Amino acid sequence: MYHEYIFRPLYNGLIFLFDTLPWIDAGLAVILFTCIVKLALFPLSKKAIITQARMKEIQPEIEALQVKFKDDKQALSLATFDLYKKKQVNPFSSILLILIQLPILLALYSIFVRSGLPTVKTELLYSFIQAPVINMHFLGLFDIAGKSITLSLIASVAQFFQIKYAVGKTPEKKENASFQEDFARSMSVQMKYIFPVMVFFISYTTSGVIAVYWTISSLFTLGQELYVKRHISQLNRQTKG
(Lines give C-alpha, C1' and ligand atoms only; values in the text may rest on other atoms or scores of the structure.)
Protein backbone atom coordinates (compact mmCIF):
# COMPACT_ATOMS: atom_id res chain seq x y z
CA MET A 1 0.00 0.00 0.00
CA TYR A 2 2.81 2.42 0.89
CA HIS A 3 4.58 1.66 -2.40
CA GLU A 4 1.49 1.83 -4.62
CA TYR A 5 -0.42 4.69 -2.99
CA ILE A 6 2.35 6.97 -1.71
CA PHE A 7 5.81 6.22 -3.13
CA ARG A 8 4.83 5.45 -6.73
CA PRO A 9 2.47 8.43 -7.22
CA LEU A 10 5.11 10.79 -5.83
CA TYR A 11 7.81 9.28 -8.04
CA ASN A 12 5.58 9.69 -11.08
CA GLY A 13 4.86 13.26 -10.03
CA LEU A 14 8.57 14.05 -10.03
CA ILE A 15 9.17 12.44 -13.43
CA PHE A 16 6.06 14.22 -14.75
CA LEU A 17 7.77 17.54 -14.01
CA PHE A 18 10.78 16.53 -16.11
CA ASP A 19 8.46 15.27 -18.85
CA THR A 20 6.33 18.45 -18.86
CA LEU A 21 9.17 20.93 -18.37
CA PRO A 22 12.05 19.58 -20.49
CA TRP A 23 14.15 22.71 -19.85
CA ILE A 24 14.22 22.14 -16.10
CA ASP A 25 17.32 20.71 -14.41
CA ALA A 26 17.22 18.18 -11.59
CA GLY A 27 17.89 20.76 -8.87
CA LEU A 28 15.05 23.03 -9.98
CA ALA A 29 12.75 20.00 -10.30
CA VAL A 30 13.56 18.94 -6.73
CA ILE A 31 12.85 22.47 -5.48
CA LEU A 32 9.55 22.76 -7.37
CA PHE A 33 8.36 19.27 -6.49
CA THR A 34 9.25 19.64 -2.78
CA CYS A 35 7.34 22.94 -2.63
CA ILE A 36 4.29 21.39 -4.33
CA VAL A 37 4.17 18.50 -1.85
CA LYS A 38 4.76 20.82 1.12
CA LEU A 39 1.98 23.15 -0.06
CA ALA A 40 -0.38 20.18 -0.35
CA LEU A 41 0.45 19.25 3.26
CA PHE A 42 0.28 22.85 4.49
CA PRO A 43 -3.28 22.65 5.94
CA LEU A 44 -2.14 19.80 8.22
CA SER A 45 1.17 21.50 9.03
CA LYS A 46 -0.64 24.74 9.86
CA LYS A 47 -2.89 23.04 12.40
CA ALA A 48 0.08 21.29 14.03
CA ILE A 49 2.06 24.54 14.28
CA ILE A 50 -0.93 26.39 15.79
CA THR A 51 -1.35 23.66 18.41
CA GLN A 52 2.37 23.76 19.27
CA ALA A 53 2.26 27.57 19.53
CA ARG A 54 -0.72 27.45 21.88
CA MET A 55 1.03 24.81 23.96
CA LYS A 56 3.97 27.19 24.39
CA GLU A 57 1.60 30.02 25.36
CA ILE A 58 0.06 28.04 28.19
CA GLN A 59 3.35 26.47 29.34
CA PRO A 60 3.71 28.95 32.28
CA GLU A 61 0.25 27.94 33.51
CA ILE A 62 1.13 24.25 33.21
CA GLU A 63 4.33 24.83 35.19
CA ALA A 64 2.31 26.64 37.86
CA LEU A 65 0.00 23.62 38.12
CA GLN A 66 3.00 21.31 38.41
CA VAL A 67 4.22 23.30 41.39
CA LYS A 68 0.77 23.53 42.96
CA PHE A 69 0.00 19.80 42.64
CA LYS A 70 3.54 18.41 42.86
CA ASP A 71 2.48 15.85 45.48
CA ASP A 72 -0.79 14.82 43.83
CA LYS A 73 -0.40 13.40 40.32
CA GLN A 74 -4.10 12.68 39.90
CA ALA A 75 -5.06 16.25 40.77
CA LEU A 76 -2.33 17.52 38.44
CA SER A 77 -3.69 15.42 35.57
CA LEU A 78 -7.24 16.66 36.12
CA ALA A 79 -6.13 20.29 36.42
CA THR A 80 -4.01 20.03 33.29
CA PHE A 81 -6.89 18.45 31.38
CA ASP A 82 -9.21 21.26 32.51
CA LEU A 83 -6.66 23.84 31.37
CA TYR A 84 -6.40 22.24 27.93
CA LYS A 85 -10.20 22.21 27.70
CA LYS A 86 -10.48 25.83 28.81
CA LYS A 87 -7.85 27.01 26.32
CA GLN A 88 -9.26 24.71 23.59
CA VAL A 89 -5.92 22.97 23.09
CA ASN A 90 -5.59 19.32 22.14
CA PRO A 91 -1.93 18.32 22.68
CA PHE A 92 -2.46 15.02 20.87
CA SER A 93 -3.81 16.57 17.67
CA SER A 94 -0.39 17.86 16.57
CA ILE A 95 1.09 14.38 17.06
CA LEU A 96 -1.70 12.86 14.96
CA LEU A 97 -1.25 15.45 12.21
CA ILE A 98 2.50 14.84 12.13
CA LEU A 99 1.92 11.07 11.94
CA ILE A 100 -0.42 11.57 8.98
CA GLN A 101 2.23 13.58 7.14
CA LEU A 102 5.13 11.31 8.05
CA PRO A 103 4.63 8.55 5.41
CA ILE A 104 4.41 11.19 2.66
CA LEU A 105 7.51 13.03 3.84
CA LEU A 106 9.43 9.77 4.21
CA ALA A 107 8.37 8.75 0.70
CA LEU A 108 9.50 12.13 -0.62
CA TYR A 109 12.91 11.69 1.01
CA SER A 110 13.10 8.09 -0.18
CA ILE A 111 12.36 9.14 -3.76
CA PHE A 112 15.39 11.39 -3.84
CA VAL A 113 17.59 8.75 -2.18
CA ARG A 114 16.43 5.84 -4.34
CA SER A 115 15.55 7.67 -7.53
CA GLY A 116 18.85 6.81 -9.19
CA LEU A 117 18.66 10.02 -11.21
CA PRO A 118 19.45 10.65 -14.01
CA THR A 119 18.33 7.05 -14.67
CA VAL A 120 14.53 6.75 -14.69
CA LYS A 121 12.91 3.60 -13.33
CA THR A 122 10.50 2.99 -16.19
CA GLU A 123 8.89 0.04 -14.41
CA LEU A 124 7.44 2.49 -11.88
CA LEU A 125 6.00 4.91 -14.44
CA TYR A 126 2.33 5.15 -15.32
CA SER A 127 1.46 4.55 -18.99
CA PHE A 128 0.84 8.24 -19.72
CA ILE A 129 4.28 9.39 -18.46
CA GLN A 130 7.33 9.16 -20.69
CA ALA A 131 10.89 8.71 -19.45
CA PRO A 132 12.67 12.04 -20.06
CA VAL A 133 16.33 12.93 -20.38
CA ILE A 134 17.37 14.50 -17.07
CA ASN A 135 19.94 17.26 -16.69
CA MET A 136 21.73 16.80 -13.35
CA HIS A 137 23.68 20.09 -13.48
CA PHE A 138 21.88 22.37 -11.02
CA LEU A 139 21.93 25.94 -12.40
CA GLY A 140 24.92 24.84 -14.48
CA LEU A 141 27.07 24.97 -11.32
CA PHE A 142 26.62 21.73 -9.38
CA ASP A 143 26.47 18.15 -10.59
CA ILE A 144 23.94 16.95 -8.02
CA ALA A 145 24.23 13.34 -9.12
CA GLY A 146 27.39 13.25 -7.00
CA LYS A 147 28.50 14.61 -3.65
CA SER A 148 28.70 18.34 -3.00
CA ILE A 149 30.28 19.73 0.16
CA THR A 150 28.93 23.21 -0.67
CA LEU A 151 25.31 22.10 -1.00
CA SER A 152 25.67 19.89 2.09
CA LEU A 153 26.88 22.87 4.13
CA ILE A 154 23.98 24.98 2.88
CA ALA A 155 21.56 22.20 3.86
CA SER A 156 22.99 21.98 7.39
CA VAL A 157 22.86 25.77 7.87
CA ALA A 158 19.25 25.89 6.66
CA GLN A 159 18.36 23.07 9.06
CA PHE A 160 20.07 24.91 11.94
CA PHE A 161 18.04 28.09 11.44
CA GLN A 162 14.79 26.16 11.03
CA ILE A 163 15.34 24.23 14.27
CA LYS A 164 16.58 27.33 16.09
CA TYR A 165 13.36 29.17 15.29
CA ALA A 166 11.12 26.17 16.00
CA VAL A 167 12.73 25.30 19.35
CA GLY A 168 13.29 28.87 20.51
CA LYS A 169 15.75 29.99 23.14
CA THR A 170 17.55 27.21 24.99
CA PRO A 171 16.56 27.22 28.67
CA GLU A 172 19.32 28.28 31.06
CA LYS A 173 20.90 25.56 33.16
CA LYS A 174 19.61 25.54 36.74
CA GLU A 175 21.37 24.07 39.74
CA ASN A 176 18.23 22.45 41.18
CA ALA A 177 16.55 21.68 37.89
CA SER A 178 14.15 18.76 37.65
CA PHE A 179 14.76 15.79 35.38
CA GLN A 180 12.12 17.14 32.98
CA GLU A 181 13.85 20.54 32.77
CA ASP A 182 17.29 18.97 32.24
CA PHE A 183 15.88 16.66 29.58
CA ALA A 184 14.15 19.56 27.76
CA ARG A 185 17.36 21.61 27.80
CA SER A 186 19.44 18.67 26.58
CA MET A 187 17.01 17.95 23.73
CA SER A 188 17.01 21.63 22.72
CA VAL A 189 20.82 21.71 22.51
CA GLN A 190 21.01 18.41 20.61
CA MET A 191 18.36 19.42 18.09
CA LYS A 192 20.03 22.78 17.44
CA TYR A 193 23.59 21.59 17.03
CA ILE A 194 23.74 17.84 16.50
CA PHE A 195 20.92 17.41 13.98
CA PRO A 196 22.34 19.98 11.49
CA VAL A 197 25.65 18.10 11.64
CA MET A 198 23.79 14.87 10.90
CA VAL A 199 22.08 16.57 7.97
CA PHE A 200 25.48 17.59 6.59
CA PHE A 201 26.91 14.07 6.74
CA ILE A 202 23.75 12.43 5.36
CA SER A 203 23.62 14.94 2.49
CA TYR A 204 27.31 14.60 1.75
CA THR A 205 27.38 10.80 1.86
CA THR A 206 24.34 10.44 -0.44
CA SER A 207 24.17 13.07 -3.20
CA GLY A 208 23.60 16.71 -4.03
CA VAL A 209 19.96 15.86 -4.73
CA ILE A 210 19.41 15.16 -1.03
CA ALA A 211 21.23 18.36 -0.06
CA VAL A 212 18.95 20.43 -2.31
CA TYR A 213 15.85 18.64 -0.99
CA TRP A 214 16.85 19.14 2.64
CA THR A 215 17.65 22.82 2.09
CA ILE A 216 14.30 23.58 0.48
CA SER A 217 12.41 21.46 3.00
CA SER A 218 14.02 23.34 5.92
CA LEU A 219 13.47 26.77 4.36
CA PHE A 220 9.86 25.95 3.47
CA THR A 221 9.18 24.71 7.01
CA LEU A 222 10.78 27.86 8.45
CA GLY A 223 8.67 30.02 6.14
CA GLN A 224 5.40 28.33 7.08
CA GLU A 225 6.22 28.58 10.79
CA LEU A 226 6.90 32.32 10.42
CA TYR A 227 3.66 32.75 8.47
CA VAL A 228 1.49 30.79 10.92
CA LYS A 229 2.96 32.41 14.04
CA ARG A 230 2.55 35.89 12.52
CA HIS A 231 -1.07 34.97 11.77
CA ILE A 232 -1.55 33.85 15.40
CA SER A 233 -0.02 37.12 16.67
CA GLN A 234 -2.43 39.13 14.51
CA LEU A 235 -5.40 37.15 15.82
CA ASN A 236 -4.25 37.66 19.42
CA ARG A 237 -3.95 41.42 18.86
CA GLN A 238 -7.43 41.54 17.32
CA THR A 239 -8.84 39.57 20.26
CA LYS A 240 -7.23 41.87 22.80
CA GLY A 241 -8.30 44.92 20.83
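**Charged and polar side chains in a predicted model**

Author: Lysine 38 is buried but takes part in no salt bridge, and glutamate 225, the nearest side chain of opposite charge, lies 9.0 Å away. This is a predicted model, in which local features need pLDDT of at least 70 and side-chain atom pairs count only at pLDDT 80 or more, while totals for chains, interfaces and linings use all residues. Residues are numbered from 1 along each chain as its sequence is written, and side-chain values use heavy atoms, with hydrogens and water left out.

Reader: How should I read the words "buried", "opposite charge" and "salt bridge" here?

Author: Buried means under 20% relative accessible area, exposed means over 50%, and partly exposed is in between (1.4 Å probe, protein chains only). Lys and Arg count as positive and Asp and Glu as negative, whereas His and the chain ends are not counted. A salt bridge is a side-chain nitrogen of Lys or Arg within 4 Å of a carboxyl oxygen of Asp or Glu.

Reader: What, then, does lysine 38 touch?

Author: Contact means heavy atoms within 4.5 Å, and, not counting residues up to four places away in sequence, lysine 38 touches Leu105, Ser217, Phe220 and Thr221. A polar contact is a pair of N or O atoms within 3.5 Å; within protein, one must be able to donate a hydrogen and the other to accept it, and residues adjacent in sequence count only if both atoms are side-chain atoms. Such a contact, of 3.4 Å, joins the side chains of lysine 38 and threonine 221.

Reader: How many salt bridges does a search of the whole structure find?

Author: The search finds 2. In one of them, the side chains of arginine 8 and glutamate 4 meet at 3.4 Å, N to O. Both residues lie in helix H1 (residues 2–20), 4 residues apart, about one turn of the helix; helices (H or I, at least four residues) and strands (E, at least two) are DSSP runs, numbered from the N terminus. Arginine 8 is buried at 18% relative accessible area, while glutamate 4 is partly exposed at 39%.

Reader: Which residue forms a salt bridge with glutamate 61, and where do the two lie?

Author: The partner is lysine 87, with the closest N and O atoms 3.7 Å apart. Glutamate 61 lies in helix H3 (residues 59–68) and lysine 87 in helix H4 (residues 73–87), so the pair ties together parts that are 26 residues apart in sequence. Glutamate 61 is partly exposed at 32% relative accessibility, and lysine 87 is partly exposed at 35%.
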